[in-house]
Structures are given as structure tokens and as C-alpha cells.
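Got your viewer ready? Load the model, keep the selection tool handy, and let's take a walk through it.

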Amino acid sequence: MIETRIRKVGNSAVMTLTTEMLTILDAKEGDTLFVVRGDDGSLKLLAHDPSVADALAAAEVVMDENRDMLQALA
């Protein structure tokens, strides 16, 4: 577990991400992060858009189901 604090900057609340947190997320300054709410009310911080990952997984299923047809088109 990594502990961090929330502080006020102007009219916003800011959480500082340590170098260790950025390394775990494989993120760097200026990257966009995504916050996803879990079923249990928790929040997950993601470095990659979860909707893109879902779309890629769906595309992989379609490609697996239609492998012969896609090879014929190639």
C-alpha cells in the first residue's frame, strides 16, 4: 500500500503521485489517467482507457471466430 495526501490548490483538490506510483502505472508527467469506479465503491486509477481495452478484446474475439474468412481476404 502506498500512502498519499490530498491538498488544496486553488479551487481544486490535488493528489500527488510519487515516482513509485508513476512507475507502477507506467505513466509519466503529462499523461492522461482514467479513474474507474468499482462495484464495491472503490476507485481504480488506470493509465490506459478501459474502453479501448474492451474494444480490443471484442475485436480479438471476432477475429478468432472469423480467422478463415480474414485469411482469405488478406
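What radius of gyration does the protein have, and what would a compact globule of 74 residues have? The protein has 19 Å, whereas a compact globule of that length would be near 11 Å. The radius is taken over C-alpha atoms, and the globule rule is 2.2 Å times the number of residues to the power 0.38.

Before you click further, some ground rules. This is a predicted model, where local features need pLDDT of at least 70, side-chain atom pairs count only at pLDDT 80 or more, and totals for chains, interfaces and linings use all residues. Residues are numbered from 1 along each chain as its sequence is written, and side-chain values use heavy atoms, leaving out hydrogens and water.

**Stop 1: the whole chain**

Show the C-alpha atoms: along the principal axes they fill a box of roughly 60 × 30 × 25 Å. Switch to cartoon and you should find three helices and four strands. Helices (H or I, at least four residues) and strands (E, at least two) are DSSP runs, numbered from the N terminus. Follow the sequence and the pattern reads β-β-α-β-β-α-α.

Now color by pLDDT, the predictor's confidence in each residue, from 0 to 100. The average is 86, and 97% of the residues score at least 70. Confidence is highest in β1, at 95, and lowest in helix α2 (residues 50–65), at a mean of 76.

How many of the 74 residues count as buried, as a percentage? Just look for 5% of them. Buried means under 20% relative accessible area, exposed means over 50%, and partly exposed is in between (1.4 Å probe, protein chains only).

**Stop 2: the β1 and β2 hairpin**

Select residues 6–9 for β1 and 12–15 for β2: these strands run antiparallel and are joined by four bridges. Two strands pair if DSSP finds at least two bridges between them. Click Ile6, and opposite you'll see Met15 in β2.

Two residues sit between these strands, and Gly10 takes a positive phi near 65 degrees in this hairpin. Asn11 is in the loop between β1 and β2 too, and counts as exposed at 80% relative accessibility.

Try the distance tool from here. Asn11 and Leu56 are 45 residues apart along the chain, and their C-alpha atoms are separated by 38 Å. Then start from Leu17, in the loop between β2 and α1: Leu17 and Leu56 are 39 residues apart in sequence and 28 Å apart in space, C-alpha to C-alpha. Leu17 is partly exposed, at 24% relative accessible area.

**Stop 3: the loop after α1**

Next, pick Asp26, in the loop between α1 (19–25) and β3. Its phi is near 55 degrees, a positive value in a residue other than glycine. Asp26 is exposed, with a relative accessible area of 63%.

**Stop 4: the β3 and β4 hairpin**

Select residues 34–37, which make up β3; four bridges join this strand to β4, and the two run antiparallel. β4 covers residues 43–46 and includes Leu45. Val35 has Leu45 as its bridge partner in β4. Five residues lie between β3 and β4, and Gly41 in the turn has a positive phi of about 90 degrees.

**Stop 5: a nonpolar patch**

Which residues form a nonpolar patch on the surface? Select Ile6, Met15, Val35, Leu43 and Leu45, which together have about 510 Å² of accessible area. Patches are made of residues with over 30% relative accessible area and no salt bridge; like charges are joined within 9 Å, and nonpolar side chains (Val, Leu, Ile, Met, Phe, Trp, Tyr) within 5 Å. The areas come from the Shrake-Rupley method with a 1.4 Å probe, and for residues only the protein chains shown count as cover. Leu45 is partly exposed, at 32%.

**Stop 6: the salt bridges**

Side chains of opposite charge can pair when their charged atoms come close. A search of the whole structure finds two salt bridges, meaning a side-chain nitrogen of Lys or Arg within 4 Å of a carboxyl oxygen of Asp or Glu.

- Lys28 with Asp31: the closest N and O atoms are 3.3 Å apart. Lys28 is exposed, at 56%, and Asp31 is partly exposed, at 34%.
- Asp64 with Arg67: here the closest N and O atoms are 3.1 Å apart. Asp64 is partly exposed, at 44%, and Arg67 is partly exposed, at 46%.
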